[in-house]
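Colleague: Could you walk me through this one? I would like to ask about a few places as we go.
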Amino acid sequence: METTEAFTGLECRACDRFYDPQTGTHRCVECGGILDPTYDYDAVAVDRTTFADRPFDSLWRYAELLPFERDVAVTMDEGATPTVECPTLADELGVGELVIKDEGRNPTGTFKDRGATVAVTAAVQHGASDVVLPSAGNAGQAAAAYAGRAGLDSHVYLPSRSSFTTKAMVNVHGGDLTVSGGRIGDAGAAAADGMEEHDDWYPLSSFVTPYRHEGKKTMLYELVEQREWDVPDAVVYPTGGGVGLVGMYKAAREWEALGLIDEIPSFYAAQATGCAPIVEAFEDGREEHEPIEHPDTICGGIEIPDPGASRWILSALRESGGGAVATDDDEILDAAVAVAQHEGVEMAPTAAAAASGAWALTEAGEFGDEDTVAIVNTGAGTKNADVLRSHLMGQGI
Ligand SMILES: Cc1ncc(COP(=O)(O)O)c(C=O)c1O
Ligand SMILES: [Zn+2]
């Protein structure tokens, strides 16, 4: 395997068992825990100018802090997305500054490309021929795109509720698409059946592969660097499985440990009231979520009733001094429309949970006129234009 110098291997989040990257490929074989890539930070020789001297062209510009070298990466120059100033929204909310990290500008229109580039690179390094995953839609599209680019076959399981765009684009990328049941759990069960029949399929499911959160952590590096190392006070993130959230929290701790920043942002998980296991656990002071029995939200990407990494998510929220907030589907769609109309930024409904969550948090007094709030727009509005347009129709527009 062509790994980077400082990448040491993978550590189990549950039992601390350590794996070298060749043998540790997915979950911990002892306890089933999530594996997390680890680095020898003393071997990472970077400072602020290291990055400032590089073109802002792809997330692979942070290769020292990624498991693989850029020259073996399966990449389409994903990442390096803009951080957009939103002064009108900042005024409306009454916060000091509001920025949107616009992940809609990625190759397949969402931040899922960051996870796919690293996880598909790992699949290639492990000699896989086929990759498999269940997804609410966007991760499946990203996986099909990157697998195709790498010459791998992809097997993508989506629920019928996933958007037409994601289903269509899995086909366009040559993926083997299975649509099953209405929701993510149905797709997960069908994918498990598929894997049982094909033990050579390499799973790319979130937190089953250790590499998706690793790719997504770069959102935080970019956000801080784009603000000339001025760390935002708060980052509000639309949270389903929490892959991006724990990734960004890890990234903040890494840069703190490397002495690149002195403080970390407070992380906030935004969910929809129809499926808010993290918000409920946070408010109840619990360390782990309880699964939601009947999830129901129009925001498919965050309709995750049983997020397996909830301990990690909840500790990231608490240790960073952040929080959790849930808003209704109607408020979320209103927020998507408001952001599009006032700032021009197109947010997918799932992503707009972060905007609507930021509103609710501000109203609750969590952010004030001195604070810089960063909202992560995890996906392009055009991927769900039908849902956004229907919301207007529901208002007679
Ligand atoms: C647009 C969008 N935002 C957010 C999420 C949730 O991501 P995470 O697993 O990082 O919480 C998803 C997942 O499908 C998504 O598609
Ligand atoms: Zn373990």
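Colleague: Is Asp233 buried, partly exposed or exposed?

Modeller: Bearing in mind that this is a predicted model, Asp233 has a relative accessible area of 36%, and because buried means under 20% and exposed means over 50%, Asp233 counts as partly exposed.

Colleague: Where is Asp233 found?

Modeller: Asp233 sits in the loop between helix H8 (218–226) and strand S10 (234–238).

Colleague: And which residues is Asp233 in contact with, leaving aside its neighbours within four places in sequence?

Modeller: With those neighbours set aside, Asp233 is in contact with Pro265, Ser266, Glu370, Asp371 and Thr372. Thr121 is another residue we can place against Asp233: the two are 112 residues apart along the chain, and their C-alpha atoms are separated by 33 Å.

Colleague: New topic, the rings. How many aromatic pairs does the structure hold?

Modeller: There are 14 aromatic pairs in the structure. In one of them, Tyr249 and Phe267 have ring centres 6.1 Å apart and ring planes at 85°, and because planes over 60 degrees apart count as edge-to-face, that is how this pair is classed.

Colleague: Which parts does that pair of Tyr249 and Phe267 tie together?

Modeller: Tyr249 belongs to helix H9 (residues 243–257) and Phe267 to strand S11 (residues 266–272), so the pair ties together parts that are 18 residues apart in sequence. Both Tyr249 and Phe267 are buried.

Colleague: Which residues do ring pairs link into a cluster?

Modeller: The cluster linked by ring pairs is made of Phe7, Tyr39, Tyr41, Phe68 and Tyr211.

Colleague: Back to H9, then. At what angle does H9 pack with helix H11?

Modeller: H9 packs with helix H11 (residues 310–319) at an angle of about 45°, and their axes are 9 Å apart. That angle makes H9 oblique to H11, and H9 passes H11 in a left-handed crossing.

Colleague: Which residues in H9 and H11 meet?

Modeller: On the H9 side they are Leu245, Val246, Tyr249 and Arg253, and these meet Trp312, Ile313, Ala316, Leu317 and Glu319 in H11. Sorted by character, the residues of this contact of H9 with H11 are seven nonpolar, no polar and two charged.

Colleague: What about H3 and H4, how do their axes cross?

Modeller: The axes of helix H3 (residues 112–125) and helix H4 (residues 138–150) cross at roughly 40° and come within 9 Å. H3 is therefore oblique to H4, and H3 passes H4 in a right-handed crossing. The residues of the contact of H3 with H4 comprise nine nonpolar, two polar and two charged.

Colleague: Which residues are buried in helix H5?

Modeller: In helix H5 (residues 164–172), the buried residues include Thr166, Lys167, Ala168 and Val170. Among what covers the buried residues of H5 are H4, strand S7 (153–158) and strand S8 (176–179). Just after H5 comes Gly174, with a positive phi of about 85°.

Colleague: Which residue other than glycine has a positive phi?

Modeller: Asp16 is one of them, with a phi near 70°, and it may help to know that most residues other than glycine have a negative phi. Asp16 lies in the loop between strand S1 (7–12) and strand S2 (18–19), and Asp16 is exposed, with a relative accessible area of 54%. Ala80 also has a positive phi, of about 50°, although it is not a glycine, and Ala80 lies in the loop between helix H1 (48–52) and strand S4 (83–85).

Terms used: Residues are numbered from 1 along each chain as its sequence is written. Chains are lettered from A and ligands numbered from 1 in the order in which they are written. This is a predicted model: local features need pLDDT of at least 70, side-chain atom pairs count only at pLDDT 80 or more; totals for chains, interfaces and linings use all residues. Side-chain values use heavy atoms; hydrogens and water are left out. Axes are lines fitted to C-alpha atoms, for helices over the stretch in contact, and angles run from 0 to 180 degrees between N-to-C directions. Helices (H or I, at least four residues) and strands (E, at least two) are DSSP runs, numbered from the N terminus. Angles under 35 degrees count as roughly parallel, over 145 as roughly antiparallel, 65 to 115 as roughly perpendicular and the rest as oblique. A crossing is left-handed if the near helix is turned anticlockwise from the far one by less than a right angle, and right-handed if clockwise. Ala, Val, Leu, Ile, Met, Phe, Trp, Tyr, Cys and Pro count as nonpolar, Asp, Glu, Lys and Arg as charged, and the others, Gly among them, as polar. Rings of Phe, Tyr and Trp (its six-membered ring) pair if their centres lie within 6.5 Å; planes under 30 degrees apart count as stacked, over 60 as edge-to-face and the rest as tilted. Buried means under 20% relative accessible area, exposed over 50%, partly exposed in between (1.4 Å probe, protein chains only). Contact means heavy atoms within 4.5 Å.
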